[in-house]
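The report below reads a structure from the level of whole chains down to single residues. The sequence and the coordinates are best kept in view while reading.

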Amino acid sequence: MEYFTLLSEGFLRVMRPDIILIMLAAIPFGLIFGIVPGLSGLTALAILLPFIYGMEALPGLALLLASHAVIYTGGSVSAIILGIPGSPPNAATVVDGYPMAQQGRGGQAMGAALMASGLGGVFGVLVLVAILPVLEPIVLSFGSPETFFLALMGVTFIAIVGEGPMQKGLIAGALGIFLALFGYQPTTSVPRFHFGSDYLLDGFRIIPLALGLFAVPELIALSAKGKSVAQTGSISGVTFGQVMEGCAAVFKHWWLFIKSSTIGAVVGIVPGVGGETSPFVAYAAAKQSSRTASTYGQGNIEGVIAPESSNNAKEGGALVPTLAFGIPGSTGMALLLGGFLILGLEPGPEFLKEHMDLGVGLAMVVAIANVMAAIVMILLAKYIARLTYLRGHILAPLLLAIIVLGTYASKNNPMDVVYVFVFGALGYLMKELNYSRAPLILGFVLTNAIESYLHISLRSFGPTFFMRPISLIIIGLLVLGLVWPSISRRLRRGRGA
Amino acid sequence: MKKLEIILPALIIVFTLFVVGAGAFYYNYSMAVMRFPYFVGAVLIGLSAWRLVQAIQGKRLPGEPEELQEPTTESMAEFTRTALWLVAILPAVWLLGYLVGIPLYLLAYFRAHGESWLMSVSLSLGALAVTYFVFIVFLRVNLPVMPLGFQ
């Protein structure tokens, strides 16, 4: 009963006019970044980070989450109309969505994708609000040693299962932790590695790091490409009637919707996996159980509903480990943790104990943003899709100007702007050499907690602080995660021989 | 790309050794301050050294999608040109201030990349309006609007 009160309070908190206004500003931003291929959700989150400085927790996080939650809704439109996924997780939608557009059924595909995305997002949130109270007693039994190993496991897991080879991911994670060691040491307050620079007394900042790693490399690619991404495809044949037919198709295939959304939410809960995995798993599951499996790939509407339902449902699932354990369920969530840090919050066991109301509020933000985005896109998709005709030469410098202004505005420090480019060079190198960038940002964000909990654990329990049941289980999972890729490779080789 | 595969881990090793060395021998931090940097530094150097050896041997890692392409002279020149154009915003805002520097930078960028005068001027004026009304008036950011960082 108490939890239901919390849910209704969370809903009422989100319905504040300022939060609704913030969401109304964030949603078009997220949709645009979703629609234009090459501008990922991570870039959108990185660009928005400077703007949450000085905000209250809920409005600040609402700005980030609302834009992040609708990225894939926007991305589905370019996947269908252009055959180019707006964001990588929309790739599965291309398989059937693009043939539908070529057959003159683009409106139907768009309607189905948008309705499935919107409702899938709401489904993911329902999973989140159902799981959070169950997790609460578990996370409350965690002490400082468990929290230390949990944070370490977060960085390690996202390095293992993220994009690129595991070894490079681990280097990135360790580098992120190392970069966060500059500035005041958390337990002794000694300024560490400042090299006489006032700027380094506070250490490197999350905003230049996030923008450098995730926005600058994309701007270089966009600027180098120059041309618009929409070389093919047409939005002229899309009618409102067709879009509504597509929307209705989701209710006709309600069981497929529930199955695919469940897959998305469950895959989203597994730390670091989400991303591109869940839509393809949902697509494969839909095809396997379909009576019309032979028409998949030729414009079957089920092939649009399945990946799009799971795409948005996984974000609700991804919030579960992010809020409860401080381990991001997806790469976007790793960057969202940076937002928590800026607002002085630390997701994890303590967060759930002290800020359950905020957790519920965030779930509501995701649900409302998904519904609003679906409505906006159903009405305006045809016009918004024209953004894909913008040339890279126009988009790149305009976004760069926003980045420079936003970075300066966050702390009024011109050195932050310089560091955007310094970390931009690092981000570009990492992207080119296939180093995953998410572990770096996550390592950077979690270092303060990792180091503080290590010190507290050593002081409270001595050098054998890890000899506690839950700690040993987490260590076991961590070791298993590290050796599993090589074990599975050997098993595959053994089977092949 | 092979050179870059060697350069990045090598740079990480040098950077880590320099920072940890400075903490240990120049600043003489206590063990309480240096315990964690020693641990993380050792892990980072170990992983990077392992990668460095693999890169020198030309070994491809599991999970690497395909052979990374060697950059050509043309692609390097294209990258340098693109990167320089983007970095040029720094001297523009430092010399001319944010309010004038950003629109002028955009105007130069658009014109140099073949956009029409109409498009270039409209977008630059739009940027000027956004900078002034959104950042200065609405968000009340104390932007240096005069040249050389003066308010």
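What follows describes the two chains in turn and then a few places in chain A.

## The chains as wholes

The model is predicted, and the description of its chains begins with their secondary structure. Chain A has 23 helices and 2 strands, whereas chain B has 5 helices and 0 strands, so that the pattern of chain B, read along the sequence, is α-α-α-α-α.

The overall dimensions can be set against what a compact globule would give. For chain A, with its 497 residues, such a globule would have a radius of gyration near 23 Å, and the value of 22 Å found for the chain agrees with this. For chain B, a compact globule of 151 residues would have a radius of gyration near 15 Å, but the chain has 23 Å. Further chain values are set out in the table, with one property in each row.

| Property | Chain A | Chain B |
|---|---|---|
| Span of the C-alpha trace along the principal axes | about 65 × 60 × 50 Å | about 55 × 45 × 25 Å |
| Buried residues | 63% of 497 residues | 36% of 151 residues |
| Contacts at a separation of 6 or more that join residues at least 24 apart | 79% | 54% |
| Accessible surface | about 17300 Å² | about 8800 Å² |
| Share of that surface from carbon and sulfur atoms | 67% | 73% |

The charged side chains can be described in a similar way. In chain A there are 27 positive and 23 negative charges, and the mean positions of the two sets are 13 Å apart. In chain B there are 9 positive and 8 negative side chains, with the centres of the two sets 11 Å apart.

## Helices H4 and H5 of chain A

Leu63(A) belongs to helix H4 of chain A, which runs over residues 57-69. The relative accessible area of Leu63(A) is 9%, and this residue is therefore counted as buried, the limit being under 20%. Leaving aside residues up to four places away in sequence, Leu63(A) touches Ile22(A), Ala26(A), Leu48(A), Phe51(A), Ile52(A) and Met55(A). One of these contacts can be given a distance between backbones: Leu63(A) and Phe51(A) are 12 residues apart in sequence, and their C-alpha atoms are 8.8 Å apart in space.

Helix H5 of chain A, residues 71-81, is mostly covered, with 11 of its 11 residues buried. Its buried residues include the aromatic Tyr72(A), the glycines Gly74(A) and Gly75(A), and Ile71(A), Ile80(A) and Ile81(A). Thr73(A), Ser76(A) and Ser78(A) are also among the buried residues of H5(A), as are Val77(A) and Ala79(A). After H5(A) comes Gly83(A), whose phi is positive, near 75°.

## Two positive phi values outside glycine

Most residues other than glycine have a negative phi, and this is the background for two residues in loops of chain A. Phe193(A) is not a glycine, yet its phi is positive at about 50°. Phe193(A) is found in the loop between strand E2 (191-192) and helix H10 (198-201) of chain A, and with a relative accessible area of 0% it is buried.

Asn412(A) likewise is a residue other than glycine with a positive phi, near 55°. Asn412(A) is placed in the loop between H20 and helix H21 (414-432) of chain A. Is Asn412(A) buried or partly exposed? At 37% relative accessibility, Asn412(A) counts as partly exposed.

## Thr407(A) in helix H20

Helix H20 of chain A covers residues 392-411, and Thr407(A) is found within this helix. The relative accessibility of Thr407(A) is 0%, so that this residue counts as buried. A polar atom of the side chain of Thr407(A) lies 2.6 Å from the backbone oxygen of Ile403(A). Beyond the residues up to four places away in sequence, Thr407(A) touches Pro50(A), Ile207(A), Leu211(A), Asp416(A), Val417(A) and Val420(A). Thr407(A) thus combines a buried position with a side-chain polar atom placed 2.6 Å from a backbone oxygen.

How values were computed. Residues numbered from 1 in each chain as written. Chains lettered and ligands numbered in written order. Predicted model: local features only at pLDDT ≥ 70, side-chain atom pairs only at ≥ 80, totals over all residues. Heavy atoms only, no water. Helix = DSSP H or I, 4+ residues; strand = E, 2+ residues; numbered from the N terminus. Rg over C-alpha atoms; globule rule 2.2 N^0.38 Å. Buried < 20%, exposed > 50% of the residue type's maximum accessible area, 1.4 Å probe, protein only. Contact = heavy atoms within 4.5 Å. Areas by Shrake-Rupley, 256 points an atom, 1.4 Å probe, with all protein chains shown as cover. Lys, Arg positive; Asp, Glu negative; His and termini not counted. Charge placed at Lys NZ, Arg CZ, Asp CG, Glu CD. Polar contact = N/O pair within 3.5 Å; in protein donor to acceptor, adjacent residues only side chain to side chain.
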